[in-house]
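Please examine the sequence and the three-dimensional structure shown below. A report on the fold and its internal contacts comes after them.

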Amino acid sequence: MGILFSAPQYEFNIIREDWLQSVVQIAQNGMFVSGPVVSKFESAFAAYSGVKGAVGVGNGTDALFLALKALGIGPGDEVITVTNTFIATVGAIHQTGARPVLVDCDDSYLIDFEQVKACVTPRTKAVIPVHLYGQLVDLREWLPWAEENEIHIVEDCAQAAGASLNGKAVGSWGIMGCFSFYPDKNLGALGDGGMIVSSSPELLTKLRQLRSHGGEVRYQHDIPGFNSRLDSLQASALHLKLPYLDEWSNKRRTIADWYETYLQDIEDIIIPNGLHSSRHVYHLYVIRVKNGHREALKKHLQKKGVLTAVQYPAPIHLTPAYSFLEYDAGSFPVAEAYASEILSLPVHIGLTEDEVLMIASEIKAFFILNKQ
Ligand SMILES: Cc1ncc(COP(=O)(O)O)c(C=O)c1O
């Protein structure tokens, strides 16, 4: 067998026996959706995130959508985010009826705050910084600016569970933080799942209503709502995994250190500029391949049994889905240039130093062959 790109099975094996027992219990109690298993995990996740509350929902996309709905965002409003993200960030904005306003990323792949400031109009209601690849956007400067301009910060934490800055957890910086528990995430379920965290009691109430047909009490519908709930089987797996999250983040950082050691003298690639603190939890380890060699290197690694990925092949403004936003090619040169160069190397808690060394040796071998 080759080297897997991501491998949630390692994490599953750690909680396997406890989770199987809880599955039986849940099945016997018959509380499959919502109920005490979900609320216990919500409390644990809120405590871990240093916020007042957490609301489990169906997936990370819904978490973003419901967060914006809870703020009353809709047609006529604008929400700023970065073009270098997964499509869901922009999809969630569009689903509310608001207009997604895009900006470029900087050389750490994260949203460029200067461009955010330049895009504000009287219609701007919120900004979604995306903690892409597991890197926390440094929001220290953002907070006073957001308050002064009455703009909400809704964090997209889908790729960054476990990250923090100065001891303050991802998701606790903005008015709300939105998580995905898709299985390959750093805290992953065995199916879909999502969470919104916040310290605003009003928003937490609104979110609990919105996720469940507009009311917290069955058949009492206070506002028009949706159906997006976290189920008990996922909540129990996530609750069992949560105590391991910091250890797993450390392992991911160790893997990044190994990559840095073994890749740093290869001049044909650019390695991440390493936020070597708790700010980076390496959901993905993304290098850039110079001189148009990305596809050939990807194929070479695949032949050697190393699976890699491209996250993402096109910035959002160049996807057919969002061509109606009318951003031309060339609008966001940094993200556009990176899209043709980026390559995500394997990262998962089962990866060994020997495997990283082997991957690095294959990358070196590829460039030696290509120079002959
Ligand atoms: C940055 C980002 N935002 C949002 C999402 C959406 O999460 P989900 O797939 O759980 O809907 C993802 C999932 O991959 C993501 O990577």
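The report treats the sheet, the helices packed on it, one loop residue and the domain interface in turn.

**Sheet and helices**

The model discussed here is predicted. An open sheet is formed by seven strands, arranged in the order β1-β9-β8-β5-β4-β2-β3, with mixed pairing. Its edge strands are β1, residues 53-57, and β3, residues 99-103, each of which pairs on one side only. On average, and with direction ignored, neighbouring strands of this sheet are turned by 25° against each other. Strands β8 (residues 176-180) and β9 (residues 194-198) run antiparallel and are joined by four bridges. Within this pair, G177 stands opposite V197 of β9.

Helices α3 and α7 both pack on the sheet. Their contacts and directions are set out in the table.

| Helix | Residues | Strands touched | Angle between directions |
|---|---|---|---|
| α3 | 60-70 | β1, β4, β5, β8 and β9 | about 160° with β8 |
| α7 | 201-211 | β1, β8 and β9 | about 15° with β1 |

Of the strands that helix α3 touches, β4 spans residues 124-128 and β5 spans residues 152-156.

**The surroundings of V170**

V170 is placed in the loop between β7 (168-169) and β8. Is V170 buried or exposed? The relative accessibility of V170 is 2%, and the residue therefore counts as buried, the cut-off being under 20%. With neighbours within four places in sequence left aside, the residues in contact with V170 are H131, L136, E155, C157, A160, A161, G162, A163, S164 and F179. V170 also lies 9.0 Å from V137, C-alpha to C-alpha, although 33 residues separate the two in sequence.

**The two domains**

According to the domain assignment, the chain comprises domain 1 (8-243) and domain 2 (245-371). The C-alpha centres of domain 1 and domain 2 are 25 Å apart. How many residues of each domain take part in contacts between domain 1 and domain 2? Domain 1 contributes 45 residues and domain 2 contributes 35.

The size of an interface is often expressed as the accessible area lost when the parts come together. Between them, domain 1 and domain 2 bury about 3,600 Å², of which 59% is on carbon and sulfur atoms. On the side of domain 1, the residues losing the most area to domain 2 are Y109, Y133 and N186, which together account for 20% of what that side buries. Zero salt bridges are found across the interface of domain 1 and domain 2.

How values were computed:
Residues numbered from 1 in each chain as written. Predicted model: local features only at pLDDT ≥ 70, side-chain atom pairs only at ≥ 80, totals over all residues. Heavy atoms only, no water. Pairing = 2+ DSSP bridges. Helix = DSSP H or I, 4+ residues; strand = E, 2+ residues; numbered from the N terminus. Axes fitted to C-alpha atoms, helices over the stretch in contact; angles between N-to-C directions. Contact = heavy atoms within 4.5 Å. Buried < 20%, exposed > 50% of the residue type's maximum accessible area, 1.4 Å probe, protein only. Domains from an automatic or database assignment. Buried area = accessible area lost by both parts, 1.4 Å probe. Salt bridge = Lys/Arg side-chain N within 4 Å of Asp/Glu carboxyl O.
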